[in-house]
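Visitor: I would like to talk through this structure with you. Could we go step by step?

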Amino acid sequence: MISLRPTWLAALLVLLSVPMQAQKVFDFNDRCKQAYHEIIQLKLNNGQQLLNAEKTQHPNNLIPYFLENYIDFFTLFFNEDPAEFKKRLPNRDTRLDLMDEGPENSPFLLFARSVIHFQWAAVRVKFGNNWDAGWEFRRSFLQVKNNQQQFPRFAPNSLYAGTMQAAAGTIPDGYKWLSNLLGINGNIKKGMGKINTFLQGSDEWSALFRDEAIFYYCYLKFYVENDKTGVFQFIDQQHLDVVNNHLFAYLAANLNRNSQQAEKAEEIITGLNMSGAYLAMPVWDMEMGYAKVHHLDPAAAPYLERFINTFKGRFYVKDVLQKLSWHYYLQGDEAKAHAYRQKVLTKGTTDSEADKQAQKEATTNSWPNKLLLQARMLNDGGYYRQALALLQGKNTGNFSLAEEKLEFAYRAGRLYDDIGNDSLAIVFYKEAIELGEQRKEHFAARAALQIGYIFEQRGDKQTAINWFQRCQSMKDHDFKNSLDAKAKAGIARCKE
């Protein structure tokens with residue numbers, strides 16, 4: 001007679017014969033915090049070594065895999081190497097699957113997924129995958145929104161929700177269908193309010209993610225709120241380390257250069273700690289080359305040329321080549337000027353509006369007026385008095401071509417604007433609008449935008465709105481999308 005074990009005993013024996021798998025956890029311990037700080041400074045190899053040690057000692061901790069996405073993000077976002085993109089892209093799905101294995105009672109379950117989607121959205125934009133980027137952005141937005149509902153006290157939710165809400169608030173009205181499709185309700189005031197709340201927080205998560213928050217906050221304050229003075233005051237007040245923290249150094253150099261402070265940008269880059277521990281980035285050569293070309297410095301060319309020879313990405317390649325062609329054009333080297341203009345036609349892409357403009361110019365047989373080009377370069381670098389000296393005694397009658405008359409009016413207006421002579425600036429801006437409102441150049445729309453800024457600063461919000469709307473009303477001109485976005489942001493600020 002055959003004796004059968006009780007079924008419960010058989011089941012128990014089966015369970016005992018299978019190795020028990022430990023529960024995955026989100027443990028942002030001291031070693032992970034140290035790794036995160038190294039990564040945020042762009043010391044990626046140091047961060048990776050710490051993460052490797054953590055994975056070996058605590059294989060069920062998911063935080064190292066979450067932080068490895070930061071390493072991929074910074075590497076791909078700044079250097080845009082297609083080979084690296086192909087190699088690292090599979091990491092995205094692997095990490096998202098891993099995050100799903102975490103405990104449901106942890107705020108990091110959805111937060112980590114949201115950050116991974118957010119970072120890959122930015123990366124996909126860099127590689128021209130704009131549609132995929134939009135869906136990544138949507139997933140990120142919805143996940144952090146859900147996480148806010150489940151864990152309202154988890155401070156980092158406000159950082160990412162606010163950043164995305166503020167950025168989405170600048171989507172031009174012509175692309176409203178896109179924000180509706182993606183399910184993203186943009187609101188600049190509410191978004192910036194959430195980031196401000198986060199920065200004022202004092203809990204452990206607010207302290208941990210503070211440097212990352214500063215990076216997003218400064219860019220949004222600069223481009224969305226148009227508070228350039230406030231940005232640099234904030235940077236000074238926070239005593240940001242722009243020598244040893246390369247993320248902060250890039251932030252400060254890039255914003256100074258885009259705020260017509262080329263000399264300050266050059267000073268920051270020159271003072272960098274260039275230890276081999278940091279991510280090697282060709283963009284430093286681009287930033288230094290731009291800073292020097294805006295002072296008509298002959299030393300600009302080697303930096304821009306080295307960028308072209310070492311950068312493997314797409315963004316700003318045409319723009320850099322255009323600057324090189326202008327540099328040699330102003331130096332009187334026509335052969336090199338033409339050679340670099342020809343390269344504009346074959347290298348890079350037109351994903352950015354600056355690159356698109358460079359491509360458009362390269363298809364023409366005409367070159368800029370040398371005097372106006374010199375004034376533009378000096379003005380963009382913040383050398384206002386030198387630029388004004390070039391235009392002293394000139395008026396539109398001194399230029400024969402319609403596009404030159406238009407550019408002169410805008411350049412004069414912008415220079416007077418930059419030195420604080422608002423009344424004279426408005427006179428020239430209005431002349432630029434009259435000359436160019438029906439043309440393809442961007443000068444008229446930009447002049448209307450600048451007048452809006454002047455009245456916004458004066459506190460005359462309704463007049464400012466009228467000029468921002470005037471900017472938006474101009475059709476089919478260069479930089480249409482970016483100027484409309486800035487005008488929309490201006491309208492939103494004035495209606496607050």
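Guide: What follows is a short conversation about the overall fold, two helix pairs, several single residues and the cysteines.

Visitor: Before the details, what kind of model is this?

Guide: This is a predicted model, in which local features need pLDDT of at least 70 and side-chain atom pairs count only at pLDDT 80 or more, while totals for chains, interfaces and linings use all residues. Residues are numbered from 1 along each chain as its sequence is written, and side-chain values use heavy atoms, with hydrogens and water left out.

Visitor: How many helices and strands does the chain have?

Guide: The chain has 27 helices and zero strands. Helices (H or I, at least four residues) and strands (E, at least two) are DSSP runs, numbered from the N terminus.

Visitor: And what box do the C-alpha atoms fill?

Guide: Taken along the principal axes, the box is roughly 115 × 50 × 45 Å. Of the 496 residues in the chain, 54% are buried. Buried means under 20% relative accessible area, exposed over 50%, and partly exposed in between (1.4 Å probe, protein chains only).

Visitor: What share of the contacts joins residues at least 24 apart?

Guide: Among contacts between residues at least 6 apart in sequence, that share is 66%. Contact means heavy atoms within 4.5 Å.

Visitor: Let us turn to helix packing. At what angle do H6 and H8 cross?

Guide: Helix H6 (residues 108-126) and helix H8 (residues 156-168) cross at roughly 30 degrees, and their axes come within 11 Å. Axes are lines fitted to C-alpha atoms, for helices over the stretch in contact, and angles run from 0 to 180 degrees between N-to-C directions. H6 and H8 are therefore roughly parallel to each other. Angles under 35 degrees count as roughly parallel, over 145 as roughly antiparallel, 65 to 115 as roughly perpendicular and the rest as oblique.

Visitor: Is that crossing left-handed or right-handed?

Guide: H6 passes H8 in a left-handed crossing. A crossing is left-handed if the near helix is turned anticlockwise from the far one by less than a right angle, and right-handed if clockwise.

Visitor: Which residues meet there?

Guide: From H6 come Phe-111, Ser-114, Val-115, Phe-118 and Gln-119, and they meet Pro-156, Asn-157, Tyr-160, Thr-163 and Met-164 in H8. By class, the contact of H6 with H8 has six nonpolar, four polar and no charged residues. Ala, Val, Leu, Ile, Met, Phe, Trp, Tyr, Cys and Pro count as nonpolar, Asp, Glu, Lys and Arg as charged, and the others, Gly among them, as polar.

Visitor: Asn-157 caught my eye. Is Asn-157 buried or exposed?

Guide: Asn-157, in helix H8, is buried, with a relative accessible area of 1%. Not counting residues up to four places away in sequence, Asn-157 touches Phe-111, Val-144, Asn-147, Gln-148 and Phe-151. Its C-alpha atom is separated by 7.7 Å from that of Lys-145, 12 residues apart along the chain.

Visitor: Now the other pair. How do H14 and H16 pack?

Guide: Helix H14 (residues 246-258) and H16 pack at an angle of about 30 degrees, with their axes 10 Å apart. That makes H14 roughly parallel to H16. The crossing of the two is left-handed. The contact involves His-246, Ala-249, Tyr-250, Ala-253, Asn-254 and Arg-257 of H14, together with Val-283, Trp-284, Glu-287, Tyr-290 and Ala-291 of H16. By class, this contact has seven nonpolar, two polar and two charged residues.

Visitor: What does Glu-287 touch?

Guide: Leaving out residues up to four places away in sequence, Glu-287 touches Tyr-250, Ala-253, Asn-254, Arg-257 and Ile-269. Glu-287 lies in helix H16 (residues 283-293) and counts as buried at 1% relative accessibility.

Visitor: Where is Leu-42, and what is its phi?

Guide: Leu-42 is in the loop between helix H2 (30-40) and helix H3 (44-57). Its phi is near 75 degrees, a positive value in a residue other than glycine. Most residues other than glycine have a negative phi. Leu-42 counts as buried at 0% relative accessibility.

Visitor: Finally, how many disulfides are found?

Guide: A search of the whole structure finds zero disulfides, a disulfide being a pair of cysteine sulfur atoms within 2.5 Å. The cysteine sulfur closest to that of Cys-494 is in Cys-471, 13 Å away and too far for a bond. Cys-494 counts as buried at 8% relative accessibility.
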